[in-house]
Structure formats: C-alpha cells, structure tokens
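Student: Please take one part of this model and go through it closely. Then connect it to what surrounds it in your account. Keep the cut-offs explicit.

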Amino acid sequence: MNFILKCLYVLPLLTRFSIMLTAQTISYDASRPELKKIEPYQLAVTYDKTTHLIFPSRVRYVDLGSGYIIAGKAEGVENVLRVKAAIDGFKVATNFSVITDNGRFYNFNVNYDKVPLTLNYDLTALAGKPQNNTALFPELGTATPRSVDKTLSNIYRENKKNLYYGKSRSYGIQFSLKGIYIKDHKLYFHTELKNKTNIPYLVDFIHFKIVDKKMAKRTVSQQQIVTPLREYQPFSEIKGQSAIRNVFLLDQFTLADDKILLIEIFEKNGGRHQVLKVKNSDLVKASLIKNLGAK
C-alpha cells in the first residue's frame with residue numbers, strides 16, 4: 001500500500017475515484033522543540049502516466065527535490081499540478097513542495113510505483129481546515145493570504161455601500177464603485193457591473209490607472225498603471241439583465257490635486273467600455289474594515 005497517499009480515503013463515484021486528504025499535521029522534534037515539523041503526504045508516481053493534484057487555489061511555487069520527477073501546472077489551469085516520473089523505475093524516494101496563492105504550504109514524499117492505485121488527487125477538501133503552515137507574500141505585507149481572502153469575502157458578502165462614488169452608464173451597461181475600504185495599508189475597491197440589455201457583456205480586461213485630470217496629452221509618461229494585488233472573483237461574462245460584483249485589493253496610495261484614478265472596463269469584441277473616475281477626496285474617505293464587521 002506504499003503507492004497511495006497516507007491518510008487518504010477513497011470514495012467510489014461510478015467508475016472514478018475522488019481522493020480527499022486529511023489535514024497536513026505539524027509535530028515537534030523532541031531534540032529541537034523550538035522547531036515545528038510538517039509531516040509530508042506520501043505520493044506514488046509512475047513513468048507512463050501523469051498524476052494530477054487539484055489544489056484549492058492557484059499554484060504559486062513548486063520546488064522538486066531531484067530530477068527523478070517532473071512537474072508543471074496544467075495548461076490553461078492555475079490550480080492543477082501535473083507530476084510524473086522522469087526516470088523509469090527510480091529506486092530512491094524524492095520529494096517536492098508546493099505553495100499556493102492562499103498561503104498554504106504542502107510537502108510530498110514521492111516513491112515510484114509501476115501501477116499506482118489512482119492518479120488524481122483532490123486537495124480542495126482542505127480549503128476550510130485551519131492553516132498552521134501559512135506562507136507570507138511580500139505584496140501583502142504582514143497580512144496572511146487567508147486574512148486577505150477573508151476580508152475580500154466579507155466585503156463582497158455584506159454588500160454595503162459606504163459612500164456614493166458615482167457611476168458610468170452607457171449602452172445599457174452600468175459600472176459603479178460601491179465602496180472603498182482600508183486595512184493594513186491596503187485599499188479594497190468594491191465594484192458592480194450591471195447589464196440592462198439582453199446582449200451578454202464579455203469582459204476583456206480592467207485597468208486601474210492614475211492620470212492627469214485634464215488628460216490634454218495622453219502620453220504613456222502621464223499614466224501610471226496600478227495593478228491589483230488580488231480580486232475576489234474575476235469578471236468574465238455578465239449575462240443579459242443581470243449584475244456581478246467584485247472586490248479588488250490594491251496597495252495604499254493617495255492622489256495629487258491634479259491627478260485622478262480611472263477604473264476602466266473594456267468589452268471583448270465590443271465597444272461598450274466603461275470608465276469610473278475616483279478623486280483623492282474619495283480615497284481619503286475610505287472606511288475602516290472594522291466598521292464593516294470584517295474580522
């Protein structure tokens with residue numbers, strides 16, 4: 001049974017298997033009590049077939065212990081990792097580690113098995129488990145990815161409007177900024193896009209950029225792109241007679257008197273573009289997250 005993951009159970013579903021991992025445990029080394037040990041999962045791979053691991057969020061980092069195995073994200077998918085043996089029948093165990101966008105650290109011990117019991121593993125069941133092994137990312141400062149994701153979720157769920165920021169309306173599309181929030185030197189922008197027509201609105205991309213108020217000369221040097229660090233859910237398609245909301249996370253900033261922030265959303269294969277204008281007086285009125293009730 002050395003070819004299945006430790007602490008797994010298998011649920012038959014028609015002719016397929018759904019594999020769920022128990023929470024990765026952390027123990028202590030008796031000789032070094034100040035150090036925490038993260039117990040690895042046990043995984044088997046083979047040379048002729050590919051093993052897939054489904055993670056609860058985007059795979060951000062992968063490190064392989066040796067050249068006995070190869071790994072890479074599945075094409076076009078951010079949370080699925082492909083792993084297989086690079087050498088047929090390798091005898092010495094190896095390992096690999098994964099860090100995902102929610103800050104979770106995963107460690108796997110890998111052995112070779114000619115015929116593994118299963119090739120597909122679902123780690124999404126761990127999404128709601130307590131995370132004792134959380135990685136910190138430079139762009140988030142001292143905040144953990146889990147706390148940031150929770151704040152994004154709270155703003156989206158409570159769906160409050162803390163100030164009136166104005167709206168962009170044209171061609172039956174309405175783009176609005178419902179609120180701006182501040183926490184841990186980060187700004188959260190709560191947006192809403194409504195489609196009052198019967199034609200679906202396909203989102204091409206969204207830009208946040210700082211420009212001169214007058215914008216008399218539209219040169220690159222007069223535009224500063226502000227890239228969101230995270231978003232609650234990506235805008236993709238807004239069906240006819242419907243609406244969708246999103247929350248964007250940006251680094252804290254303010255604006256000079258002669259500058260404004262533009263939030264632009266562009267339609268794919270269309271011309272129903274929308275633009276919101278945010279002034280410095282709007283930014284400095286950002287609501288504290290604690291007043292929203294987000295923990």
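**From one residue pair outward**

Tutor: Start with one pair: Val 62 stands opposite Val 98 in S10. The model is predicted, so local features need pLDDT of at least 70 and side-chain atom pairs pLDDT 80 or more, while totals for chains, interfaces and linings use all residues. Residues are numbered from 1 along each chain as its sequence is written, and side-chain values use heavy atoms, leaving out hydrogens and water.

The strands behind that pair are S7 and S10 (residues 94-100), joined antiparallel by five bridges. Strands here are DSSP E runs of at least two residues, helices are H or I runs of at least four, and numbering starts at the N terminus. Two strands count as paired when DSSP finds at least two bridges between them.

Now the whole sheet. It is open, has four strands in the order S5-S11-S10-S7, and mixes pairing senses. Its edges are S5 (41-45) and S7 (59-64), each paired on one side only. Neighbouring strands are turned by 30° on average, direction ignored. Those angles come from axes fitted to C-alpha atoms, on a 0 to 180 degrees scale between N-to-C directions.

Take the S5 edge. S5 runs parallel to S11 (residues 105-112), with five bridges between them. Ala 44 has Asn 111 as its bridge partner in S11. Is S5 enclosed or open to its surroundings? Five of its five residues are buried, so S5 is largely enclosed by the rest of the structure. Buried means under 20% relative accessible area, exposed over 50%, with partly exposed in between (1.4 Å probe, protein chains only). Both faces are covered: one side carries Tyr 41, Leu 43 and Val 45, the other Gln 42 and Ala 44.

Next, the cores. The largest nonpolar core has 27 residues, and Phe 189, Leu 193, Phe 253, Leu 261 and Ile 263 have the most contacts inside it. Such a core is a set of buried Ala, Val, Leu, Ile, Met, Phe, Trp, Tyr and Cys residues joined through side-chain atoms within 4.5 Å. Strands S14 (173-183), S15 (186-195), S16 (201-212), S20 (242-251), S21 (259-267) and S22 (274-278) each give two or more residues to it. S14 supplies the largest share, five residues. A second, separate core of 19 residues includes Val 45, Phe 90, Val 110 and Tyr 112.

S14 also pairs antiparallel with S13 (residues 167-170) over four bridges. Ser 168 has Phe 175 as its bridge partner in S14. The two strands form a hairpin with two residues between them, and Tyr 171 in the turn has a positive phi of about 60°.

Back to Leu 261. Among the residues it touches are Phe 189, Phe 253, Leu 276 and Lys 277. Contact means heavy atoms within 4.5 Å, and residues up to four places away in sequence are not counted for Leu 261. Lys 209 is another of its partners.

Lys 209 lies in S16. At 11% relative accessibility, it counts as buried. Its side chain makes a polar contact of 3.3 Å with that of Glu 264. A polar contact is an N or O pair within 3.5 Å; within protein, one atom must be able to donate a hydrogen and the other to accept it, and sequence-adjacent residues count only if both atoms are side-chain atoms.
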